[in-house]
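Visitor: Could you guide me through a protein structure, one topic at a time?
Guide: Certainly; please have the display in view.
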Amino acid sequence: MATMTFSEATLAAMREEMRRDPTVFLMGEDIAKQGGIFGQFKGLPQEFGFDRVRDTPISEAALVGAGVGAALTGCRPVVDMHFADFITCAMDEVVNQAAKLRYMFGEQCRVPMTLRAPDGITKSAGSQHSQALEGWFVHTPGLEVVIPADAEDAKGLLKAAIRSDNPTLYFEHKALFPVKGAVPDDDFVIPLGKAKTMRDGRDVAIVTYGITVGRALEAATMLEADGIDATVINLRTVWPLDYDAIADAAARTHRVVVAHEAVKIGGVGAEIASFIGEACFDDLDGPVVRLGAAHVPVPFAPVLQEAVYPKAPAIADAARRLVRREL
């Protein structure tokens with residue numbers, strides 16, 4: 001095991017996959033000469049050449065369209081979106097083309113393309129550079145959606161995304177890039193669609209993913225002071241979902257809080273809560289509680305920005321009230 005930042009873990013994953021498979025290549029804005037705005041591509045063009053690590057013009061539609069075309073010819077392109085918010089400029093290429101082609105051509109083609117999309121709220125980046133958009137893509141058949149929570153996830157999930165034969169969105173929270181963690185040295189690949197139990201408790205389950213995993217673990221520590229023992233489930237992949245892990249957590253704890261940074265209304269939490277209500281109703285001792293961002297654009301003002309999304313105290317308070325039947 002080595003200790004490295006989240007950014008370094010993604011760099012290690014890219015380097016290993018490009019060495020392993022010559023069809024893997026990178027393209028995006030400012031990734032070759034600059035090394036990426038978070039340093040996540042530094043050194044790659046020097047090792048693999050500027051044909052396999054390409055700077056592109058500022059056109060997300062052209063970027064994703066080129067990625068779809070390259071994937072159809074047998075390559076495994078990794079396309080960097082700079083900011084996840086910019087995917088909106090390429091929605092036709094993602095939703096109507098990449099997601100549908102394998103189905104429309106009767107499994108005669110594959111689209112093994114990975115879209116790297118830095119997302120999330122940090123440092124007053126404003127409402128056009130702070131969104132968490134995974135819910136839109138979970139809703140689209142044909143796409144896979146993965147969201148790492150730490151450096152270990154960052155490496156293992158990126159390698160799995162690149163090896164997948166389906167178009168995969170890899171949402172990486174900007175605030176996690178400098179965060180250090182232990183990462184396996186070997187060819188470490190995390191299977192898509194498999195959750196990880198970060199903490200095993202008996203009283204309440206907090207089901208979450210991405211940067212909110214750390215906040216949920218902090219909330220679990222707060223709950224210990226009240227004698228409440230919490231399970232924390234890191235979904236890792238939000239499509240396909242690990243329904244078995246969610247059902248098992250509901251059966252063991254009988255109380256579930258679902259938390260994420262994306263907007264609560266219409267979010268992934270709604271799908272999880274609905275599933276638990278339909279499949280695990282007899283296991284529950286209370287309602288499934290959802291926590292997510294307010295239904296507003298992310299504010300620029302730091303004070304307002306911090307007020308819109310759930311942090312550890314809010315997660316702990318929701319779990320505490322659920323266990324004490326105060327809802």
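Visitor: Where is the place of alanine 62?
Guide: Alanine 62 sits in helix α3, residues 60-72. Helices (H or I, at least four residues) and strands (E, at least two) are DSSP runs, numbered from the N terminus. This is a predicted model, in which local features need pLDDT of at least 70 and side-chain atom pairs count only at pLDDT 80 or more, while totals for chains, interfaces and linings use all residues. Residues are numbered from 1 along each chain as its sequence is written, and side-chain values use heavy atoms, with hydrogens and water left out.

Visitor: Is alanine 62 buried, exposed or partly exposed?
Guide: Alanine 62 counts as partly exposed because its relative accessibility is 45%. Buried means under 20% relative accessible area, exposed over 50%, and partly exposed in between (1.4 Å probe, protein chains only).

Visitor: What separates the C-alpha atoms of alanine 62 and valine 145?
Guide: Those C-alpha atoms are separated by 21 Å, and the two residues are 83 residues apart along the chain.

Visitor: New topic: how many salt bridges does the structure hold?
Guide: The structure holds 30 salt bridges. A salt bridge is a side-chain nitrogen of Lys or Arg within 4 Å of a carboxyl oxygen of Asp or Glu. Side chains of opposite charge can pair when their charged atoms come close.

Visitor: Which residue forms a salt bridge with glutamate 172?
Guide: Its partner is arginine 116, and the closest N and O atoms of the pair are 2.9 Å apart. Glutamate 172 belongs to strand β7 (residues 168-173) and arginine 116 to strand β5 (residues 114-119), so this pair ties together parts that are 56 residues apart in sequence.

Visitor: Is glutamate 172 buried or exposed?
Guide: Glutamate 172 counts as buried, at 0% relative accessibility. Arginine 116 is likewise buried, at 0% relative accessibility.

Visitor: And what about glutamate 107: which residue does it form a salt bridge with?
Guide: Glutamate 107 pairs with arginine 102, the closest N and O atoms being 3.0 Å apart. Glutamate 107 is exposed, at 58% relative accessibility, whereas arginine 102 is partly exposed at 24%.

Visitor: How far apart are the closest N and O atoms of lysine 311 and glutamate 306?
Guide: In that salt bridge they are 3.8 Å apart. Lysine 311 is partly exposed at 28% relative accessibility, and glutamate 306 is partly exposed with a relative accessible area of 34%.

Visitor: Which residues are linked in a network of salt bridges?
Guide: Glu16, Glu17, Arg20, Lys155, Lys159, Arg163 and Asp187 are linked in this way.

Visitor: Let us turn to empty space. What volume does the largest pocket have?
Guide: The largest pocket has a volume of about 410 Å³. Of the 25 residues that line this pocket, Gln131, Ala132, Leu133, Trp136 and Val263 are the closest to its centre. The elements giving two or more residues to the lining are α6 (134-138) and β13 (256-263). On a 1 Å grid over the protein atoms alone, a cavity is a set of points where a 1.4 Å probe fits but cannot get out, and a pocket is an open set with protein on both sides within 12 Å along at least five of seven lines; lining residues have an atom within 4 Å of a point. Grid points are joined across faces, edges and corners, and a volume is the space filled by probe spheres set on the points.

Visitor: How do the residues of that lining divide into nonpolar, polar and charged?
Guide: The lining of the largest pocket has 16 nonpolar, 7 polar and 2 charged residues. Ala, Val, Leu, Ile, Met, Phe, Trp, Tyr, Cys and Pro count as nonpolar, Asp, Glu, Lys and Arg as charged, and the others, Gly among them, as polar.

Visitor: How many cavities of 30 Å³ or more are there?
Guide: The structure holds 2 such cavities. The largest cavity has a volume of about 110 Å³, and its lining includes Asp119, His173 and Glu261. The second largest cavity has a volume of about 40 Å³, and its lining has 7 nonpolar, 1 polar and no charged residues.
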